[in-house]
Amino acid sequence: MGEYKTLLSAEIEPAIQWLQRGDLVAIPTETVYGLAANALNEIAVRKIFQVKGRPYYDPLIVHTNDIRKADQWITAFPQPLKMLAEAFWPGPLTLLLPKKPVIPDLVTAGLNRVGMRIPDHPLTLRLLQALEFPLAAPSANPFGYVSPTMAIHVMSHFQGEIPMILDGGACPKGIESTIVGMEDHQVVIYRLGALSRAAVEAIAGRVHLQRHSSSRPTAPGMLTKHYAPNKRVIVVGDTAEAKPFIKSPEVALITFSRPIDQGYRSVWLSAKRDLDEAAARFYATLQQWDHDPAIETIVVERFPDESIGQALNDKLQRAAQQSDL
Ligand code: TXA
Ligand code: MG
């Protein structure tokens, strides 16, 4: 237990005060909760890495509320990326843009681009508007763990470690932003997220999807094992493949295509078979089973490989890596 009595509140005033003092505040966004600090204050940013147990080679996204403010922090805004910003900000899109020296190297892990986004959450937009600096914020979870989509998830990780969680309710998208940049005049998606590839391509034309995995990534959420609960995660192609697991009482099921009736140990993510609804519930469901002492293994049905389902499958695959268990 740390030094703080963590305040859980929907008031932005105390959040403004803590952030101005160089402290950390967890903030709601439409994707997942972030663990925020003044992005221009190196001492404050360092606390993010310490609290998360995050390696310094993994850079942070910088959040603002107004595209007109971005000129203070970036040297150029390439046209295709500007078009994407105009189409999707505020929203679940992070753009990698050439940074000015005012953004500390700590934020970008020494890279010359900074990840920027305008999140679409009313409380956090009001907070950002009231502050004279942008907010660096990774997802508010210990490094490598499932991202938080509710204030209680953040509380379970960082109670006592941070002074405040700004409670904005459940995150409506439920998975992280899509990260986009340019290389050699080509638009590249570095991380699939809540904004679909098709939506990006509708504005920017054909894009390249960088899908490599490594244990020391230069880019976004690309660690082979990431977004992972502590329990064993097994991916199955459909509910028929899940059948052999059903008899074990220590197995929990998460399905998309249809329900499997096995009492409390099974969740059907969307009765409408709606991928957006499934995404909004996915991380919270993983965490629910992860905290259930009766459960040892979580079996998850793959999602249809379309729109946000592509991002869900990507997260699922990383969550299922058992490399350091
Ligand atoms: O939806 C989101 O993006 C959430 C909310 C809080 O905004 N944030 C988030 O942050 O998911 P994080 O730190 O958990 O994941 C951001 C990823 C990291 O894997 C990092 O490697 C990558 O973005 N990233 C950030 N800045 C980068 C940069 N300058 N160049 C390459 N990758 C970058
Ligand atoms: Mg993260």
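1. Gly-237 is partly exposed in this predicted model. Its relative accessible area is 38%, which puts Gly-237 between the 20% limit for buried and the 50% limit for exposed. The residue sits in the loop between β12 and α8 (239–246). Beyond its sequence neighbours up to four places away, Gly-237 touches Glu-301 and Arg-302. Phe-303 is 66 residues from Gly-237 in sequence, yet the two C-alpha atoms are 8.3 Å apart.

2. Phe-303 also belongs to the largest nonpolar core, a set of 75 residues. Together with Leu-95, Val-180 and Phe-282, Phe-303 touches the most other members. Helix α9 makes the greatest contribution to this core, with seven residues. Domain 1 (7–209) and domain 2 (232–323) both supply residues, so the core lies between them.

3. Leu-95 deserves a closer look. Setting aside residues up to four places away in sequence, Leu-95 touches Phe-77, Leu-81, Leu-84, Ala-85, Trp-89, Val-114, Gly-115, Met-116 and Val-180. Val-180 is itself listed with Leu-95 among the core residues that touch the most other members. A second core is separate and has 16 residues, including Val-25, Leu-135, Met-164 and Leu-166.

4. Which helix lies across β5? Helix α3 (residues 79–88) does, and α3 also lies across β9 (178–183) and β10. Its direction makes an angle of about 150 degrees with β5 (93–98). The loop between α3 and β5 holds Pro-90. The peptide bond joining Trp-89 and Pro-90 is cis, with omega about -10 degrees. Most peptide bonds are trans.

5. Two backbone angles should be checked. Ala-109 has a phi near 55 degrees, a positive value in a residue other than glycine. His-185 likewise is not a glycine and has a positive phi, of about 65 degrees. Most residues other than glycine have a negative phi. Ala-109 lies in the loop between α4 (105–108) and β6 (113–117), and at 26% relative accessibility Ala-109 is partly exposed. His-185 lies in the loop between β9 and β10. At 80% relative accessibility, His-185 counts as exposed.

6. One open sheet has eleven strands with mixed pairing. The order is β1-β8-β2-β3-β7-β4-β6-β5-β9-β10-β11. At the edges are β1 (7–9) and β11 (208–209), each paired on one side only. Strand β1 runs parallel to β8 (residues 164–166), and three bridges link them. Leu-7 has Met-164 of β8 as its bridge partner. Helix α6 (residues 151–158) lies across β1, β2 (25–27), β3 (34–38) and β8, at about 165 degrees to β8.

7. What is the strand order of the open sheet of four strands? It is β12-β15-β13-β14, and the pairing is parallel. Strands β12 and β14 (266–268) are the edges, each paired on one side only. On average, neighbouring strands of this sheet are turned by 15 degrees against each other, direction ignored. Five bridges join the parallel strands β12 and β15. Val-233 stands opposite Ile-298 of β15.

8. Thr-297 is also in strand β15. Is Thr-297 buried or exposed? Thr-297 is buried, at a relative accessible area of 7%, because the cut-off for buried is under 20%. Leaving out neighbours within four places in sequence, Thr-297 is in contact with Arg-232, Ile-234, Glu-250, Val-251 and Ala-252.

9. Helix α10 (residues 308–319) passes a simple length test. At 1.5 Å a residue, its twelve residues should span 16 Å. The end C-alpha atoms are 17 Å apart, which agrees.

10. Why is α10 described as largely enclosed by the rest of the structure? Eleven of its twelve residues are buried. Those buried residues are Ile-308, Gly-309, Gln-310, Ala-311, Leu-312, Asn-313, Asp-314, Lys-315, Leu-316, Arg-318 and Ala-319. They pack against β10 (186–191), α7 (197–204), β12 (232–236), α9 (275–290) and β15 (297–301).

Key: Residues are numbered from 1 along each chain as its sequence is written. Chains are lettered from A and ligands numbered from 1 in the order in which they are written. This is a predicted model: local features need pLDDT of at least 70, side-chain atom pairs count only at pLDDT 80 or more; totals for chains, interfaces and linings use all residues. Side-chain values use heavy atoms; hydrogens and water are left out. Helices (H or I, at least four residues) and strands (E, at least two) are DSSP runs, numbered from the N terminus. The expected span of a helix is 1.5 Å times one less than its number of residues. Buried means under 20% relative accessible area, exposed over 50%, partly exposed in between (1.4 Å probe, protein chains only). Contact means heavy atoms within 4.5 Å. A nonpolar core is a set of buried Ala, Val, Leu, Ile, Met, Phe, Trp, Tyr and Cys residues joined through side-chain atoms within 4.5 Å. Domain bounds come from an automatic or database domain assignment. Two strands pair if DSSP finds at least two bridges between them. Axes are lines fitted to C-alpha atoms, for helices over the stretch in contact, and angles run from 0 to 180 degrees between N-to-C directions.
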